[in-house]
Amino acid sequence: MAQAAPQVTDVAVDPEPGGGDVARPAERPEEAHVAREMHGALAVLTMQSRPHNFLGPDLIAGVLSAVDRSVADGARAIVLRSGLRNFCAGADVGIFDSADRGEAPDVDLVDVLRVFDELPVPIVAAVHGVCVGGGFELALACDLIVAAQSAKIGCVEATIGMNPLMGAMQRITDRAGSARAKEMALLARRYDPATLERWNVINRVVPDDSLEGVALTLGQELAHGPTVAHASTKAVISYAAGHGPRATDAVMAELQKDIWTSNDLKVGLRSLAQNGPGAARFEGR
């Protein structure tokens, strides 16, 4: 699928020598941490919080702000990537200052999970370089994860005496089972993407030089899909993950009701009758 040229750009990006991109100065404070471009109905969010996108209040706020503005601008899918050498090399250790008082951080670390899960459009994480700790959890909050072959991914929190705080353990359990979740959290190792793809923790591994193209192509495919149905799909699967199949059966009709009044369904059925399967051009409403 051809990639649309950017139509809305909050922050331009320039190549960074040696790998990745770096954004030019931003006008909004949050743009110093996350650049945003609209490629038609696809929003591309580029984390650029130097040196390694350490996940702290500023980067979290930047991601959430960029997501909100993308949806407001009509995005029907989002790609989350990094413009630096690493996707995200873990948490900003400053958020753990509360440990001196024997208290958990006062930052709402699961807010990203709630926002991403409830977002009515799909999010694709494009992972390269180091993706560990909170960075891995940020990727796990996305709907699909595509990783470059050379990426190093893992839950490393045990190396500093804690365990994942942003939902990695339960999400790995859901994707790969409790044995793999325990292995990853207890041993705190970095894994190659091929292993995690085999374990069903991530969706796809691609050559390093193909990551951007594959992620944008997937994003465009999702952005041109039946947006109302995609929102329902996310809701049904999230409910099933938390409640199980039988409980989901009982609420499925409610979670699917918006499909029946969507224009996309009318377009899809009309296209099926006239042109056969797979030819519909959805408008996302």
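**Contacts, a covered strand and a helix pair**

Among contacts in the protein chain between residues at least 6 apart in sequence, 68% join residues at least 24 apart. The model is predicted. The protein chain holds 10 helices and 11 strands. Of its 285 residues, 45% are buried.

Strand E7 spans residues 123-127. This strand is mostly covered, with five of its five residues buried. In a regular strand, side chains alternate between the two faces of the sheet. In E7, both faces are covered. Ile123, Ala125 and Val127 are buried on one side. Val124 and Ala126 are buried on the other.

E7 is paired with strand E6 and with strand E9. E6, residues 77-82, is joined to E7 by three bridges, and the two strands run parallel. In this pairing, Ile78 stands opposite Ile123 of E7. E9 covers residues 144-148. Four bridges link E7 to E9, and these strands also run parallel. Here Ala126 stands opposite Val146 of E9. Both Ile123 and Ala126 are buried, on opposite sides of E7.

The loop between E6 and helix H2 (111-118) contains Cys88. The relative accessibility of Cys88 is 0%, so this residue counts as buried; the cut-off for buried is under 20%. Cys88 and Leu55 are 33 residues apart along the chain. Their C-alpha atoms are nevertheless separated by 7.0 Å. Leu55 is also one of the contacts of Cys88 when neighbours within four places in sequence are left aside. On that basis, Cys88 further touches His52 and Asn53. Val130, Cys131, Val132 and Gly135 complete the list.

A helix pair was examined next. Helix H4 comprises residues 168-176, and helix H5 comprises residues 178-187. Their axes come within 7 Å and cross at roughly 140 degrees. H4 and H5 are therefore oblique to each other, since angles over 145 degrees would count as roughly antiparallel. The crossing of H4 and H5 is right-handed. From H4, the residues that meet H5 are Met169, Ile172, Thr173 and Ala176. From H5, Ser178, Arg180, Ala181, Met184 and Ala185 take part. By class, this contact has six nonpolar, two polar and one charged residues. Arg counts as charged, and Arg180 lies on the H5 side of the contact.

Technical notes:
Residues are numbered from 1 along each chain as its sequence is written. This is a predicted model: local features need pLDDT of at least 70, side-chain atom pairs count only at pLDDT 80 or more; totals for chains, interfaces and linings use all residues. Side-chain values use heavy atoms; hydrogens and water are left out. Axes are lines fitted to C-alpha atoms, for helices over the stretch in contact, and angles run from 0 to 180 degrees between N-to-C directions. Angles under 35 degrees count as roughly parallel, over 145 as roughly antiparallel, 65 to 115 as roughly perpendicular and the rest as oblique. A crossing is left-handed if the near helix is turned anticlockwise from the far one by less than a right angle, and right-handed if clockwise. Contact means heavy atoms within 4.5 Å. Buried means under 20% relative accessible area, exposed over 50%, partly exposed in between (1.4 Å probe, protein chains only). Two strands pair if DSSP finds at least two bridges between them.
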